[in-house]
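Subject: Structure handover

Hi,

Here is the structure I promised to pass on to you. Please open it alongside this note, and have a look around before you read on.

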Amino acid sequence: MISNARLSLRVALLTLVVVLLTGCTQWADSSLPQTTVFPLSDVARYIQNLYELIFWMAVVVFVGVEGFLLYAIIRFRRRREDEMPAQTHGNTRLEIAWTVLPSIVLLVIAIPTIPTIFAQDAIPPTASQRIKVIGHQWWWEFQYPDLGVVTANEFHLPLGETARLDLESADVVHSFWVPRVGGKMDVVPTRTNHLWFTPEKEGEFYGQCVEFCGTQHANMRVRLFVESRESFDKWVRLQRENAAAPTAGPAQQGAELFQRSACIGCHTIRGTNARAVAGPDLTHVGGRKTLAAGILDNTPENLKKWIRDPQEIKVGSKMPNLGLSDQDAGLLAAYLQSLR
Ligand code: CUA
């Protein structure tokens, strides 16, 4: 009977260990998962170092406290039905110990934490990229004021160069977080918050809004592409260009339809009459990997579905259902897909 229980316990523990370990191995190399424990920038590493210190101190505290508890439970358990434990009132030595020990723990944590906070707060003068990030319900706008680039939901940075993000909000409080490269920072109306980091690995990094900001908070995603200086420059050159004007086919019909429809009331397509700024800049929307703030792959079918009825995909989205016919939605999608 007893050996059966022990065997079950062992199997359960082993299974737990295997599950925990396999959970880690897949994450170490890929740049995709949203995790802070495999940092890929200077700032992300500062945070990870603190986390590790606090984690191991917490392990020591946990083992110490629980060990002491178990010892007390076993050592001082009631052995006879009518037994009355010894009554104690106060213990000066113990009281001093449990006041002093936590103070030491907090002090040890505070010593590296304070310089980390200051280091993370001070934007290095070497920061080469300045990006204005504006949170909207429910998408992200990225402006590169020095480069004349405006884009949405996906942004690019050159590898190994310090980027400085100036965070602003167009409506409510959001919070910007791309876990593998930087800490969380709230995005607050009427003020500008800052975040900086130096990306250390090329790749595609996921992030998202981490402050509840309304119905579609969970679908307010962000993607960062870290690439070589060369590819970054190429991306910038492309982004700076005006939108291409299609000359034939469904894309051209879609372009005409776009200019006649309500789309121009909210969106900009540089090089056309569409100059509104309520929604994302669509000048190069066809070249983005995703749609609707990172929740759909950017395919003609998905784009058409989105244009047809944004409310079905993102309830509460500021983009209304315009009641477009299937054919018109298809033409608009063909046009927008051509804007690369
Ligand atoms: Cu924006 Cu949550």
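Below is what turned up, beginning with confidence and then going through the pocket, some backbone details and two residues.

First, a word on what kind of model you have. This is a predicted model, and the mean pLDDT of the protein is 90, with 96% of its residues reaching 70 or more. Confidence is lowest in helix α1 (residues 2-25), where the mean is 74, and highest in strand β6 (residues 174-176), at 97. As a general caution, predicted coordinates should not be read in detail where pLDDT is low.

Next, the pocket, which may be the part you want to open first. The largest pocket has a volume of about 670 Å³. Its lining is made up of 34 residues, and those nearest the centre are H267, G279, P280, W306 and M319. Three elements give two or more residues to that lining: β11, α6 (300-308) and α8 (326-338). Of these, α6 gives the most, with three residues. By class, the lining has 22 nonpolar, eight polar and four charged residues.

Now for the backbone. There is a cis peptide bond between Q137 and W138, with omega at about 0 degrees. W138 sits in the loop between β1 (129-136) and β2 (139-144).

Two residues other than glycine have a positive phi, and I list them together here:

- T190 has a phi of about 70 degrees. This residue is in the loop between β7 (185-187) and β8 (193-197), and it counts as exposed because its relative accessibility of 87% is over 50%.
- A293 has a phi near 60 degrees. Its place is the loop between β11 and β12 (296-297), and A293 is buried, with a relative accessible area of 2%.

On to T272, which is in the loop between α5 (249-260) and β11 (290-291). Is T272 buried or exposed? Its relative accessible area is 19%, and since buried means under 20%, T272 counts as buried. Its side chain makes a polar contact of 3.2 Å with the side chain of Q259. A polar atom of the T272 side chain also lies 3.0 Å from the backbone nitrogen of A274. Which residues does T272 touch once its neighbours within four places in sequence are left aside? They are Q259 and Y335, so Q259 appears both as a contact and as the partner in the side-chain polar contact.

Last comes V210, in the loop between β9 (203-208) and β10 (221-227). With a relative accessible area of 27%, V210 is partly exposed, because that value falls between the 20% and 50% limits. Leaving aside neighbours within four places in sequence, V210 is in contact with S175, W177, K184 and H217. If you would like a distance to check your setup against, V210 and E312 are 23 Å apart in space, C-alpha to C-alpha, and 102 residues apart in sequence.

That is everything from my side. Happy to talk it through whenever suits you.

Best wishes

Methods:
Residues are numbered from 1 along each chain as its sequence is written. This is a predicted model: local features need pLDDT of at least 70, side-chain atom pairs count only at pLDDT 80 or more; totals for chains, interfaces and linings use all residues. Side-chain values use heavy atoms; hydrogens and water are left out. pLDDT is the predictor's confidence in each residue, from 0 to 100. Helices (H or I, at least four residues) and strands (E, at least two) are DSSP runs, numbered from the N terminus. Buried means under 20% relative accessible area, exposed over 50%, partly exposed in between (1.4 Å probe, protein chains only). A polar contact is a pair of N or O atoms within 3.5 Å; within protein, one must be able to donate a hydrogen and the other to accept it, and residues adjacent in sequence count only if both atoms are side-chain atoms. Contact means heavy atoms within 4.5 Å. On a 1 Å grid over the protein atoms alone, a cavity is a set of points where a 1.4 Å probe fits but cannot get out, and a pocket is an open set with protein on both sides within 12 Å along at least five of seven lines; lining residues have an atom within 4 Å of a point. Grid points are joined across faces, edges and corners, and a volume is the space filled by probe spheres set on the points. Ala, Val, Leu, Ile, Met, Phe, Trp, Tyr, Cys and Pro count as nonpolar, Asp, Glu, Lys and Arg as charged, and the others, Gly among them, as polar.
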